[in-house]
Amino acid sequence: MSTTNNPSFVLRAIEDVVFEERPIPEIKDDEALVEVKKTGICGSDVHYLVHGRIGQFIVEKPMVLGHESAGIVSKVGKKVKTLKVGDRVAMEPGETCRSCEDCKRGRYELCPDMIFAATPPYDGTLARYYRIPADLCYKLPDHLTLEDGAMMEPLSVAIHSVANLAGLRANQSVVIFGAGPVGLLCMAVAKALGASRVIAVDIVPSRLEFAKGYAATETYVPPKFQEGETKIQYSERNANLMKTQLGIEERGPKAIDLVLDASGAEVSIQTALFIARQGGTVVQVGMGAPEIVVPITTLLTKELTVKGSFRYGPGDYELAVALVSQGKVDLKPLVTHRFAFEDAKEAFQTTRAGKSPDGKPVIKAVISGPDVSPHDLS
Ligand SMILES: [Zn+2]
Ligand SMILES: [Zn+2]
């Protein structure tokens, strides 16, 4: 096993990925070099592979993929006091400027100079080594695995939405649209924070079955479209159906305090606005249709609070590590597929297909670092 090279998994253009030998990154005094051991594949990684862009982020030169990673510190800069060689860490993959208005007012996720792993033009973490500011490394307690560490990234997305932006309190009730990885993690966070009801909505029954066994208290499958119905008509009918089937009311203890959309689907977002209580909160975390029709009068007369949620900000990674460490969120059931580094292409194909050749649905596929066995769950 050689640790003097830096094999990297590189996206060159649409549908064109290769393994490349890259130089081992040099670190600055306040940075660490981390040997990457586990990396989860995200919808956004697959999106760049298939479409070469997300919004204004366009792949114009070869880029290393991956941003959901954990590893072992192999080198630290002279000024680093918080880390030492050998520490097992989860890596927050967004490096901010620290001096702009957004950084200084505590909303660093909005930093215009964000350097985010595997968002063009910046390289990601699917390599042997990754260079990172030391304060973006979060030490993992001994009883957590490096896979848990990689999963802190999507968990932080959920924590940012549910705990930070929505400010969910104990005994509140929540509806979550979309039972993919982020939706499931939002359910887990809502449950961990003491939600009374966690209602999962998805069009795929097998996903709801999983959600029920994982963190949802109830599930709901939306009906089919009726002929001639507009999306907004459908969504209002869907919300009314949900109210009857699940005993949801506009006010009082049976009302829904918080709705999260982790699907990005227009009808889900519309239904979210119809189903939230008077004075309730709706948080958009799923990225999907860029423009939709909004029932604005409903939003206005119910005085809804609507928030957008993008990545994570101050305190989110810390809370993620704490909730998993305390046993309040279990990340293990979400890792459904594991691949060796040299099988990274297959890992992407599997995530893209949504299932492996044996028919098993993918929730999260994890790629091990070079020379790390996918079966190594330390
Ligand atoms: Zn991601
Ligand atoms: Zn900034």
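Helices (H or I, at least four residues) and strands (E, at least two) are taken here as DSSP runs, numbered from the N terminus. The structure is a predicted model, so local features need pLDDT of at least 70 and side-chain atom pairs count only at pLDDT 80 or more, while totals for chains, interfaces and linings use all residues. Residues are numbered from 1 along each chain as its sequence is written, and chains are lettered from A and ligands numbered from 1 in the order in which they are written.

The loop between β10 and β11 is a good place to start. Alanine 118 sits in this loop and has a positive phi, near 60°, despite not being a glycine. With 25 other C-beta atoms within 10 Å, alanine 118 is buried (buried means 20 or more such neighbours, exposed 12 or fewer, and partly exposed anything in between, with C-beta atoms placed from the backbone). Proline 121 belongs to the loop between β10 (115-116) and β11 (129-133) too, and the peptide bond leading from proline 120 to proline 121 is cis, with omega near 5°.

Another non-glycine residue with positive phi is arginine 98, at near 75°. Arginine 98 lies between β9 (94-95) and α2 (101-104), in the loop, and counts as exposed because it has 12 C-beta neighbours inside 10 Å.

Now for helix α3. Its 20 residues (146-165) should span 28 Å at 1.5 Å a residue, and the end C-alpha atoms are indeed 28 Å apart; the expected span is 1.5 Å times one less than the number of residues. Even so, α3 has a kink of about 40° at glutamate 153, shortly before proline 154, the bend being the angle between axes fitted to the seven residues ending there and the seven starting there. Most of α3 is covered, with 19 of its 20 residues buried. Just after α3 comes glycine 167, with a positive phi of about 55°.

Helices α1 (43-51) and α10 (344-353) pack at about 95°, axes 10 Å apart. Axes are lines fitted to C-alpha atoms, for helices over the stretch in contact, and angles run from 0 to 180 degrees between N-to-C directions. The pair is therefore roughly perpendicular, a label for angles of 65 to 115 degrees. Val46, Leu49 and Val50 of α1 meet Phe348, Thr351 and Arg352 of α10, where contact means C-beta atoms, placed from the backbone, within 7 Å.

Key. Parallel < 35°, antiparallel > 145°, perpendicular 65-115°, else oblique. Contact = placed C-beta atoms within 7 Å.
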